[in-house]
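Q: Please take a close look at a single part of this structure and describe its surroundings in connected prose.

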Amino acid sequence: MAEFSWLSRSPLEHALVVGAHGARDVASGISLTEVRNFNLIQIMARRGKGAELASAATARFGVAAPAVPKAVSASDVTLIWSGPDQFLVLSKSGKHAMDILSHAFSQSASLSDQSHARALISVAGAKARTMLAKLSSIDLHPTAFPIGAAAATSIDHTSVNFWRGNDRPDGQPVFNVLVLASFAESLWRTMLDAAAEYGVDIGLSEELG
Amino acid sequence: MVSHAQSHRLESGGLIDRSAPLNFRFDGKTFAGFQGDTLASALIANGVKLVGRSFKYHRPRGILTSGSEEPNALVELRTGARREPNTKATTTELYDGLEAASQNRWPSLRHDLMAVNQLFSPIFVAGFYYKTFMWPAKFWEAIYEPAIRRAAGLGRAAGVADPDHYDKAWAYCDVLIAGSGPAGLGAALAAGRSGARVILCEEDFALGGRLLADGGTIDGMPAAEWISGTLAELATLPDVGIMSRTTLFGVYDGGTYGAIERVNDHLPSPPEHQVRQRLWRIVAKRCVVAAGAIERPIVFAGNDTPGVMMASAVRTYVARYAATPTRRIALFTNNEDGWRTVETALGAGLQIAAVVDARPDVSAAHRALAGKTGFPVLNGSVSGVDGGKDGVRKILVALAGGARAEVEADGLAVSGGWNPAVGLTSYHRGRPKWQDDISAFVPDGAPPGMVAAGAANGAFGLGACLRQGFAAGAAAAQSAGHNGNTGTPPVADDEAFLLTPLWHVAGKGKAFVDYQHDVTASDIELAQREGFESVEHLKRYTTLGMATDQGKTSNVAGLAIMAAVSGKSIPETGTTIYRPPYLPVAIGAFAGHHRDENFHATRLTPSHHWAAEQGAVFVDTGLWKRAQWYPRAGEKDWLESVTREVKAVRSGVGFCDVSTLGKIDVHGPDAGAFLDRVYINTFSNLAVGKARYGLMLREDGMVYDDGTTSRLAEDHYFLTTTTAKAGPVMQHLEFCRQVLFPELDVQLTSVSDQWAQFSVAGPSARALLKQLVEESEDLSNEGFPFMGARQVALRGGIRARLFRISFSGEMAFEISVPARFGNALVRNLMLAGKQFGATPYGTEALGVMRIEKGHVAGPELNGTTTAADLGLAKMMSTKKDFIGRVMAGREALAAADRQVVVGIKPTDKTRRLRSGAHVIPKGEIPGSANDQGYVTSVCFSPTLDQWIGLALVERGRERIGEIVHAHDPLRGESYDVELCNPVFYDPDGGRQRG
């Protein structure tokens, strides 16, 4: 009998080539990094259970889930606002997986596994805002979109969850994009085109940072 | 080739970089210029006067202005695929190797045979087309229009795809400033110092506006020094951005502005990875329009002779570019500002032939200067020009007393006053108001958040520009919430303007109002005589202001002439409506990145790259790329491949990626009750572990969508939609949940992208899957009956969902795994199915099998059909309410003679069917009176070995066996078909239950 292997394959596997892309005569202004191997769970409060979900979330994650468009991080998890009384739980693979969270929130929420439904792309660097201004209609000025700001928006006509992470050690901003898996390659190519003139450093992270 | 000497370049001065010489070509001749030149200034520096031929009469034309208002100096810039017609030489930055050609002449600019049009000029008057080419109508497209377009026209489009890239970007600011003259820089200083986020757009490549040509003293220092000091200060402010080569062209709702940045137009081609132009959408809380003013010509005979130039343009070419358009110049002015030209010309060593001043009083200072320098000052008007394609020779002057004079000159500078650039302030249907002291229209209000300052607001003095700009910048910043210290405003004196209006000087010969469209003063008089007195009629009848320059130099003069002949004042005559864009903007910039393969986003299925490896042919279905069929070596066409795939499924096993179906998690204690309301059939009684086909209606009773929904847990249903309606159904259900039924405890999440889903179909489907699942999983008919749905463990350690549903009519399952395992799944299906001849099949085979099985799909679920039309009336529950129930009961929707789904077969078994053919009773004449429906879906059925189809036919189900006529006027076909049961294959469903 045949042996079956189940290799997980990212929707960006085909398109992503680690290394330099675009202009070479400038210091790379953009880092585009795909992050793989994460758990992403959508949690939505059951009717009238918003407060109950909020306290269950605080108990489970050690931080309050965002009630407004923000992303909040604890040591091993990021909670990303996705609508009233609902949020996404992003964590390293296995940490907060579907079966574990289902149990924790069974009284207050409906859960839906989105771990395979999205690709996670991080856009960072000195030119990140300039490049994203080509794709997103959101004002990314530091005062308008501070660290932790989040939006459920569209980029290049593709719906995404978008939030600003902590700055890189070199002080450059980091923006995170969760894009629907089927759109990922298309958006990736668009991002490469938008970033090419600034010099791109394409990276891959096998684990959520 | 040796460059010609720059015969008209001054020895020194100007804002050109003499250490950076550039070569360029115009009409095949090589010339030299410098970095910092425009094409126009470089042509002037080389003594070139003739640069184009006019639109209608092919009259020789020279450079009139030095800015984006230019009506004459339009060229074809660049060559080959990059050729851009109608490009203004006056705003084209010179670069090394630039190539430009004059337009609208044949065989050459100097010897233009089309100039014969001038001989017929008496008939080319306003309304010429309307009067002449009235009939026969069919001649218009075939003869008149092509002939006219050849003779009268502008440059030639490249005719091939633009090789360059464009993109679009968003920007935000508190204060947006249009223009970098004294008012704009003043506004930027005040707003920037107060801490506001500022964006300043300047269409020129150099900052400073008129200061670059006219200079002046600001804060006790020369203008140039003040500009560099100001720019240095602005550069220290972190939130002040200055965008040169950027024109603000429009204002839209909610404080959104359109701007076009010519990122790399000043280079032969954009550097690698860079765009040619970028379209900006700028969202600004406040906007200060400091766009300046446009000097206006005076209309007199021969005013289009090369060498007649706006006075401000003469100053710009001499002072900014050190290029002298003329050696012995006359000036014709009706205002004090025009006299500045004398100063500039004398400073550059030019001779002043005469100043013709239309005003009765000329200041003693000017007269003293004239006396000292030795040029005459004539009180009167220029009534004609003696000259031609080689330029001006003589100026004819009508003196105030009635006498005539002649002045020998090789150039004429004209100033009829200045028109504030009221475009931006008027784009929301604003109508500017008349201001008497400058005899010009000024803004009367503006779109929300916008204010005009400086010359754009009718304040022409340098001091006033600075004061207004600074105050407007400070006020804009403050109202946007920034109260920082704005510091000291810059100060300068105000010059006198003292204008006496003069629009038109009577004389013999053509006097042009609109240079670009060849509209003369007499055209306007004719329009008035023929009743086209309203300015909007005047515009359309004469085409005044309708050229690519939008009448920037001509509209007000045209209105003034109309006012004079109709006996009204200019404000009574009024202005036409102002519309964006302020300048022509390339369509490519609006398209941005969205062209060719990037025209829209694409969606790929989890097995996409595997299918591509197999050589699949893909079809666009919405945004998706789906495998349409998998050709194999030796197959001669798609039909052969598709037929093979169908036969493989029907006789063995095949699989197809159906991940494109919409998938929705429906959670919550009321999930079943919710589904009962959105589907016509009942789901609350569906057992856990079971799937059911569901049909939903629109509120109006028509069928909306269909699909299977499975119950995975008491409070969890997994709903599927069609590929096409995945998004709309999700929106519809969210609307139902949030708005219609907020009392239900139900939650929805799209999981379309979470699952890779494959249909595995055929008599060997179960055998294949048994290879793949753990031994403990029971896939037998008892253990996994038809319409069963549950999780199964797969060999190798992952779990899948398995649904025993069939679209093909065969024994079939749909298997789904988390999407990142989709690629592994398709490979494992091949592995597990090897011994059964497992065959991947595409959307064509899928379609063939569903037609053979009589399943309805997109062509039947077309928004005009009811459940009963589809033969699904029995699914409509009578025990509950659901969306669409009431409206579906309307008389017309329940009528007995509705067109309903039936099968069709050609009476000639060898005939090919085509969808779209109309169904008429046999023996009747085709026509709307006898039209009884149409063919919706067809295929070649490998199983029946003939073409079959589905059709919507009036009373079709009662007419099974009847021979009707299929009439296809589109393809010129007509043939008989038999109406039959739509289920061609396995009508009792034994195979799928097998």
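A: Two residues are in contact if their C-beta atoms, placed from the backbone, lie within 7 Å. The model considered here is predicted. With that criterion in hand, the account may begin at one residue, Val299(B).

Val299(B) is found in a loop of chain B, the one that runs between β16 (293-295) and β17 (308-310). Is this residue buried or exposed? A residue is counted as buried if 20 or more other C-beta atoms lie within 10 Å of its own. Val299(B) has 26 C-beta neighbours inside 10 Å and is therefore buried.

Which residues does Val299(B) touch, if its neighbours within four places in sequence are left aside? The partners are Trp503(B), His504(B), Ala511(B), Phe512(B), Val513(B), Ala521(B), Ala557(B) and Ile561(B). By contrast, the C-alpha atom of Ala765(B), which is 466 residues away along the chain, is separated from that of Val299(B) by 87 Å.

Some of these partners lead to a pair of helices. Ala521(B), a contact of Val299(B), belongs to α12(B) and takes part in the meeting of that helix with α14(B). Ile561(B), likewise a contact of Val299(B), stands on the α14(B) side of that meeting.

Two packed helices are described by the angle between their axes and the distance between the axes. For α12 (residues 521-529) and α14 (residues 555-566) of chain B, the axes come within 9 Å and cross at roughly 45°. Angles of 65 to 115 degrees count as roughly perpendicular, those under 35 as roughly parallel and those over 145 as roughly antiparallel, with the rest oblique; α12(B) and α14(B) are therefore oblique to each other. Their crossing is right-handed.

On the side of α12(B), the residues in this contact are Ala521(B), Ile524(B), Glu525(B) and Gln528(B), and they meet Gly558(B), Ile561(B), Met562(B), Val565(B) and Ser566(B) of α14(B). By character, the residues of the contact are five nonpolar, three polar and one charged.

A database record gives a wider setting. In an unreviewed entry, UniProt annotates residues 508-592 of chain B as "domain: SoxA A3". Over residues 508-592 of chain B, the chain is 45% helix and 6% strand, and the C-alpha atoms at the two ends are 50 Å apart. Another UniProt feature, also from an unreviewed entry, is "domain: Aminomethyltransferase C-terminal", placed at residues 901-986 of chain B. The span of residues 901-986 of chain B is 0% helix and 49% strand, and its end C-alpha atoms lie 18 Å apart.

Key:
Residues are numbered from 1 along each chain as its sequence is written. Chains are lettered from A and ligands numbered from 1 in the order in which they are written. This is a predicted model: local features need pLDDT of at least 70, side-chain atom pairs count only at pLDDT 80 or more; totals for chains, interfaces and linings use all residues. Helices (H or I, at least four residues) and strands (E, at least two) are DSSP runs, numbered from the N terminus. A residue is buried if 20 or more other C-beta atoms lie within 10 Å of its own, exposed if 12 or fewer, and partly exposed in between; C-beta atoms are placed from the backbone. Axes are lines fitted to C-alpha atoms, for helices over the stretch in contact, and angles run from 0 to 180 degrees between N-to-C directions. A crossing is left-handed if the near helix is turned anticlockwise from the far one by less than a right angle, and right-handed if clockwise. Ala, Val, Leu, Ile, Met, Phe, Trp, Tyr, Cys and Pro count as nonpolar, Asp, Glu, Lys and Arg as charged, and the others, Gly among them, as polar. UniProt positions are given in the numbering used here, feature names are shortened, and annotations may be inferred rather than shown by experiment.
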